Amino acid sequence: MRQRKYISSGGLAFSEKEDMQKLAKQAAKGWHLQDFAFMGYRLVRGEPKQVQYMIDYRTLDEAEEQEYLDMFKHAGWTLVCSSYGMYIFEAPRDAAPIYTDVETKQDKLKRASSFIPKMALVTTILTFISFWIYLVTDSLAAAIICYLLFIIAVLSIWMTASFYYRSFKLMRKGED
């Protein structure tokens, strides 16, 4: 019987809530989040348990991180894994959620999306430059680079739009 498995992510910009619910369902079946993986999560087998997961986005230095983790621990949330400013916490199902009001949820979305519009702008500019180089040189390498940059630019723009949509929905309906 295998002890590890991988599950895909729907993309945190698009389906953060669904991803966290999917992880909770897996924990109830005995598959617990171990770490982030490429476009998903790595799980390990264990005893089934009823938990909830929550993700937070922070850029912290080492001194701030310990204080931040202590704050969550005090509220009943345990850090499961972190990567590049993304922290996933676990708590019993009856634990109070960390983000309960519109303002703090919007603040979280702003932190989550802070670098994505910049990445979209940079990759879009690089796409135009590489396209221009391709037109001038007719190089296969320039065409491949242009194509890859175009894909990254489109994804970045789509993620930016998704975060703005979620923020708008949060302001209008009070839920994400």
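The following exchange examines the fold, cores and pockets of a predicted model.

User: On what basis are residues numbered and features counted in this predicted model?

Analyst: Residues are numbered from 1 along each chain as its sequence is written, and side-chain values use heavy atoms, with hydrogens and water left out. In this predicted model, totals for chains, interfaces and linings use all residues, side-chain atom pairs count only at pLDDT 80 or more, and local features need pLDDT of at least 70.

User: In what order do the elements of the chain run from the N terminus?

Analyst: Helices (H or I, at least four residues) and strands (E, at least two) are taken as DSSP runs, numbered from the N terminus. The chain has 5 helices and 6 strands. From the N terminus on, their order is β-α-β-β-β-α-β-β-α-α-α.

User: What percentage of the 176 residues of the chain counts as buried?

Analyst: Buried means under 20% relative accessible area, exposed over 50%, and partly exposed in between (1.4 Å probe, protein chains only). The C-alpha atoms fill a box of roughly 60 × 45 × 35 Å along the principal axes. Of the 176 residues, the buried share is 36%.

User: Which element gives the largest share of the largest nonpolar core?

Analyst: A nonpolar core is a set of buried Ala, Val, Leu, Ile, Met, Phe, Trp, Tyr and Cys residues joined through side-chain atoms within 4.5 Å. The largest one has 23 residues, and Met20, Leu23, Leu33, Tyr41, Tyr53 and Ile88 have the most contacts inside it. Two or more residues come from each of α1, β2, β3, β4, α3 and α5. The largest share, 6 residues, comes from α1.

User: Which residues does Met20 contact, leaving aside its neighbours within four places in sequence?

Analyst: Contact means heavy atoms within 4.5 Å. With those neighbours left aside, the partners of Met20 are Leu12, Tyr41, Tyr53, Met54, Ile55 and Ile88.

User: Is Asp56 buried or exposed?

Analyst: Asp56 lies in strand β4. Beyond its neighbours within four places in sequence, its contacts include Tyr68, Tyr87, Lys108 and Arg111. The C-alpha atoms of Asp56 and Arg111 are 8.7 Å apart, although 55 residues separate the two along the chain. Because its relative accessibility is 0%, Asp56 counts as buried.

User: Against which elements do the buried residues of α3 pack?

Analyst: The expected span of a helix is 1.5 Å times one less than its number of residues. For the 12 residues of α3 this gives 16 Å, which agrees with the 16 Å between its end C-alpha atoms. Within α3, Gln106, Lys108, Leu109, Arg111, Ala112 and Ser113 are buried. The buried residues of α3 pack against α1, β4, α4 and α5.

User: How many residues of the lining of the largest pocket are charged?

Analyst: On a 1 Å grid over the protein atoms alone, a pocket is an open set of points where a 1.4 Å probe fits, with protein on both sides within 12 Å along at least five of seven lines, and lining residues have an atom within 4 Å of a point. The largest pocket holds about 970 Å³, a volume being the space filled by probe spheres set on the points. It is lined by 28 residues, of which Gly11, Leu12, Met86, Phe115 and Met159 lie nearest its centre. With Asp, Glu, Lys and Arg classed as charged, the lining has 18 nonpolar, 8 polar and, as charged residues, 2.

User: How many residues of the lining of the second largest pocket are charged?

Analyst: The second largest pocket has a volume of about 600 Å³. Of its 22 lining residues, Glu16, Lys17, Tyr53, Met54 and Lys108 are the closest to its centre. The lining has 11 nonpolar and 2 polar residues, and its charged residues number 9.
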